[in-house]
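Me: Please take a close look at the pocket of this structure and the residues around it. I should then like to see how that part fits into the chain as a whole.

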Amino acid sequence: AVGTYKVGALFLKPGVGTYCAGKNDVQLIPSANGVQIFNLDLGTGGGANMDLGGFSIQCDTATDVKGILGIGCNRLNLFDIGFFGCDENFRFDGGGWNRVVDCETSGSLTRPSGSFWVGSSDDTKYGNVFSVIENYQVRVTTTGTVNPACTFRRAVAMKIDNLIASSVVFDSTLLLLENDCQGLRFTGSCVGFGVGAWFRKGTGVDKAPIFNSFTDFEFD
């Protein structure tokens, strides 16, 4: 229902989705500093098969808040979510075939704009294969952003379309691709950041990103 709700850590089960009225109508207020709000841990991998969206997470006072954690998840779909003042908006570690559609992140008067992390923390495996991020908007105010704003590590064959990022603080990095990212395709995006994209080998995997492409991508 439309409204504002105070929430703590919520542990999700595969196949059980959350459909709220919309990110402008349903606000989730973290109940404490450092809380991880949505948690879905499938370990070495499995089918999440669920949709999660239609709300915003508002962190005007709480600090070090993490929005959504998916470990080993396949087919976890995030849609119509606003992350306002989270330190980490979402993290997909392992798995694949996930989607993030029509989401946005912004800071507040006291909190920076949050980051996301997708890929694999396991140096022996790739993660987030064949996943999609579409219509993702990053707005950075004078409070800055968690740096880098978007990290891809050992991610493979992802499509990132219509990434719109604007910043009034030009001392941060939007995209970090590291540790053997392969086949990431960025299209139709516009970026106003200090560093638009940074490619590096990183640690743990002795390979740099390869075979990634940027098409119709504007760096301001």
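Reply: The strand β5 contributes three residues to the lining of the largest pocket, the largest share of that lining. (Strands are DSSP runs of E with at least two residues, and helices are runs of H or I with at least four, numbered from the N terminus.) This is a predicted model, in which local features need pLDDT of at least 70 and side-chain atom pairs count only at pLDDT 80 or more, while totals for chains, interfaces and linings use all residues. Residues are numbered from 1 along each chain as its sequence is written, and side-chain values use heavy atoms, with hydrogens and water left out.

The volume of the largest pocket is about 170 Å³. Its lining consists of 13 residues, and those closest to the centre of the pocket are Gly43, Asp93, Gly94, Asp122 and Lys125. Two elements, β5 (36–58) and β6 (66–84), give two or more residues to this lining. (A pocket is an open set of points on a 1 Å grid over the protein atoms alone, where a 1.4 Å probe fits and protein lies on both sides within 12 Å along at least five of seven lines; lining residues have an atom within 4 Å of a point. Points are joined across faces, edges and corners, and the volume is the space filled by probe spheres set on them.)

Asp93 is one of the residues closest to the centre of the pocket, and its place is in strand β7. Is Asp93 buried or exposed? Asp93 is buried, because its relative accessible area is 16%. (Buried means under 20%, exposed over 50%, and partly exposed in between, with a 1.4 Å probe and protein chains only.) Beyond the residues up to four places away in sequence, Asp93 touches Gly70, Ile71, Gly72, Trp117, Gly119, Ser120, Ser121 and Asn128. (Contact means heavy atoms within 4.5 Å.) Asp93 and Ile210 stand 117 residues apart in sequence, and their C-alpha atoms are 20 Å apart in space.

Asn128, which Asp93 touches, leads on to Asn98. Asn98 sits in the loop between β7 (88–93) and β8 (99–106). With a relative accessibility of 2%, Asn98 counts as buried. What does the side chain of Asn98 meet in its polar contact with another side chain? The partner is the side chain of Asn128, at 3.1 Å. (A polar contact is a pair of N or O atoms within 3.5 Å, where one must be able to donate a hydrogen and the other to accept it; residues adjacent in sequence count only if both atoms are side-chain atoms.) In addition, a polar atom of the Asn98 side chain lies 3.3 Å from the backbone oxygen of Cys73. The residues that Asn98 touches, not counting those up to four places away in sequence, include Cys73, Asn74, Arg75, Leu76, Asn77 and Phe92 as well as Asn128, Ser131 and Val132.

Asn128 is also among the contacts of Val156, together with Tyr126, Gly127, Val129, Phe130, Gln182 and Leu184, once neighbours within four places in sequence are left aside. Val156 is found in the loop between β11 (150–153) and β12 (159–167). Its relative accessible area of 17% is why Val156 counts as buried. The C-alpha atoms of Val156 and Thr4 are separated by 38 Å, and these residues are 152 residues apart along the chain.

Some backbone features deserve attention as well. Most residues other than glycine have a negative phi, and most peptide bonds are trans. The peptide bond from Asn147 to Pro148, however, is cis, with omega near 0°, and Pro148 is in the loop between β10 (132–140) and β11. Asn162, in strand β12, has a positive phi of about 60° although it is not a glycine. Asn162 counts as partly exposed, at 28% relative accessibility. Asp180 likewise has a positive phi, near 65°; its place is in the loop between β13 (173–178) and β14 (185–192), and at 1% relative accessibility it counts as buried.

The whole chain provides the setting for these details. The chain has zero helices and 16 strands. Of its 220 residues, 54% count as buried. The C-alpha atoms fill a box of roughly 45 × 40 × 30 Å along the principal axes. Among contacts with a separation of 6 or more, 75% join residues 24 or more positions apart. Ala1, in the segment before β1 (3–7), is exposed, with a relative accessible area of 81%. Ala1 and Ala21 are 20 residues apart in sequence and 6.4 Å apart in space, C-alpha to C-alpha.
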